[in-house]
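Notebook open, model loaded. I'm jotting things down as I look them up.

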Amino acid sequence: MSIRRFTALGTASQVPNTRRNQHGSFLKWDNEGFLFDPGEGTQRQMIFAGVTATDITKIFITHFHGDHCLGLSSILQRLSLDRVPHTVQIYFPASGAHFFENIKGVASYYDVAFLEPHPIEGENCVVYEDNQLIITAKRLSHTIETFGYRIEEKESVNMDQKALTLIGIKGHLVGELKAKGQVFYKGKVIRLKDVSIHKKGQSFAFVLDTRMCDAAIALAQNVDVLVTESTFLEKDADKAEAHGHLTALQAGKLASEAHATTLLLTHFSQRYGPNQDFASEAKAVHPNVIQMEDGNQFELPLLRRKEV
């Protein structure tokens with residue numbers, strides 16, 4: 001049984017407080033485990049959440065400000081300590097490659113982990129693709145080079161067995177229909193789209209540390225789940241702009257303009273204290289908003305299906 005679950009490992013920006021650890025996010029996606037921006041203390045937060053080092057298959061760093069990467073050194077060491085058998089791919093801005101090397105070599109340890117660094121260059125690029133997923137990165141608008149990520153499941157086509165039986169197509173004709181898109185059967189042209197069900201893939205966007213920009217909207221376009229920052233409240237919009245962040249209201253506007261289904265808020269400034277309500281601002285412009293707390297989990301909804 002596949003599991004698709006987002007876990008907020010830490011929801012603070014810049015510094016932790018009594019309720020929030022520095023940022024860290026984990027997305028379980030079937031056999032993949034995506035770790036995003038592990039701030040200080042992420043390894044301990046993983047223990048509380050039941051996430052192991054072996055669960056991690058890919059690590060995504062949006063940028064190299066400390067609250068988004070200071071926990072990476074301990075994660076890399078834990079991969080070696082636990083003898084994680086698979087290769088872990090790590091994606092990060094190419095301009096911060098020296099920071100990555102510094103983090104990787106910050107302490108002496110027995111390094112036996114299988115790591116595959118992927119420095120990202122350019123405004124917009126596909127960083128990973130297989131027969132099921134496509135992962136893209138786009139440059140955002142922050143105070144240093146920052147990338148947001150979009151994970152998208154490719155649309156699949158399943159044969160409609162009832163339709164095939166009704167027409168009488170079976171055996172090698174089914175294979176031919178899949179390969180060619182249509183077959184000639186009993187004097188009629190049978191098209192693939194007439195006897196198939198298209199399954200729309202799920203999509204997920206991770207947009208942290210950015211001003212409102214076209215790239216953020218593009219990453220979030222029509223996604224099932226959008227995780228984004230909510231560093232400031234609208235009363236401090238000038239500070240958000242100056243420091244390259246979003247307010248809670250802007251996060252809601254981003255989700256609304258991009259037609260994202262569910263908005264998950266994280267990355268909250270310590271200036272407001274541990275109990276501030278950010279979600280109410282975002283809900284003024286987007287109906288489906290969840291303010292994440294450390295340890296909260298969100299199960300991605302079941303895939304939608306449509307007939308064509």
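**Entry 1: Asp-209.** I began with burial here: Asp-209 comes out at 2% relative accessibility, so I count it as buried, the cut-off being under 20%. Worth remembering that this is a predicted model. Next I looked up where it sits, and Asp-209 turns out to be in the loop that links β14 and α6 (214–220). Then the backbone: phi of Asp-209 is positive, about 60°, and the residue is not a glycine. I made a note of that since most residues other than glycine have a negative phi.

**Entry 2: His-259.** Which other non-glycine residue has a positive phi? I found His-259, with phi near 60°. His-259 belongs to the loop between α8 and β16. Buried or exposed? I get 53% relative accessibility for His-259, and the line for exposed is drawn at over 50%, so exposed it is.

**Entry 3: helix α8.** Having landed at the loop after α8, I checked what this helix packs on. Helix α8 covers residues 248–258 and lies across β14 (203–207), β15 (225–229) and β16. I read its angle to β15 as about 155°.

**Entry 4: the sheet.** What is the strand order? I wrote it down as β7-β8-β9-β14-β15-β16-β17, an open sheet of 7 strands with mixed pairing. The edges are β7 (124–129) and β17, each of which pairs on one side only. I also pulled the twist: on average, neighbouring strands are turned by 20° against each other, direction ignored.

**Entry 5: the β17 edge.** I zoomed in on how β17 is attached. Its pairing with β16 (residues 262–266) is parallel and runs over 3 bridges. For a residue-level handle, I looked up Leu-265 and found Gln-291 of β17 as its bridge partner.

**Entry 6: Glu-293.** I followed the chain on from β17 (289–291) and stopped at Glu-293, in the loop leading to β18 (297–299). Which residues does Glu-293 touch, leaving aside neighbours within four places in sequence? My list reads Ala-8, Thr-11, Arg-19 and Arg-20. With Arg-20 there is also a polar contact between the side chains, at 3.0 Å. Last check, burial: Glu-293 has a relative accessible area of 16%, which is why I file it as buried, under the 20% cut-off.

**Recap for myself.** Of the three loop residues I looked up, Asp-209 is buried, His-259 is exposed and Glu-293 is buried.

Conventions:
Residues are numbered from 1 along each chain as its sequence is written. This is a predicted model: local features need pLDDT of at least 70, side-chain atom pairs count only at pLDDT 80 or more; totals for chains, interfaces and linings use all residues. Side-chain values use heavy atoms; hydrogens and water are left out. Helices (H or I, at least four residues) and strands (E, at least two) are DSSP runs, numbered from the N terminus. Buried means under 20% relative accessible area, exposed over 50%, partly exposed in between (1.4 Å probe, protein chains only). A polar contact is a pair of N or O atoms within 3.5 Å; within protein, one must be able to donate a hydrogen and the other to accept it, and residues adjacent in sequence count only if both atoms are side-chain atoms. Contact means heavy atoms within 4.5 Å. Two strands pair if DSSP finds at least two bridges between them. Axes are lines fitted to C-alpha atoms, for helices over the stretch in contact, and angles run from 0 to 180 degrees between N-to-C directions.
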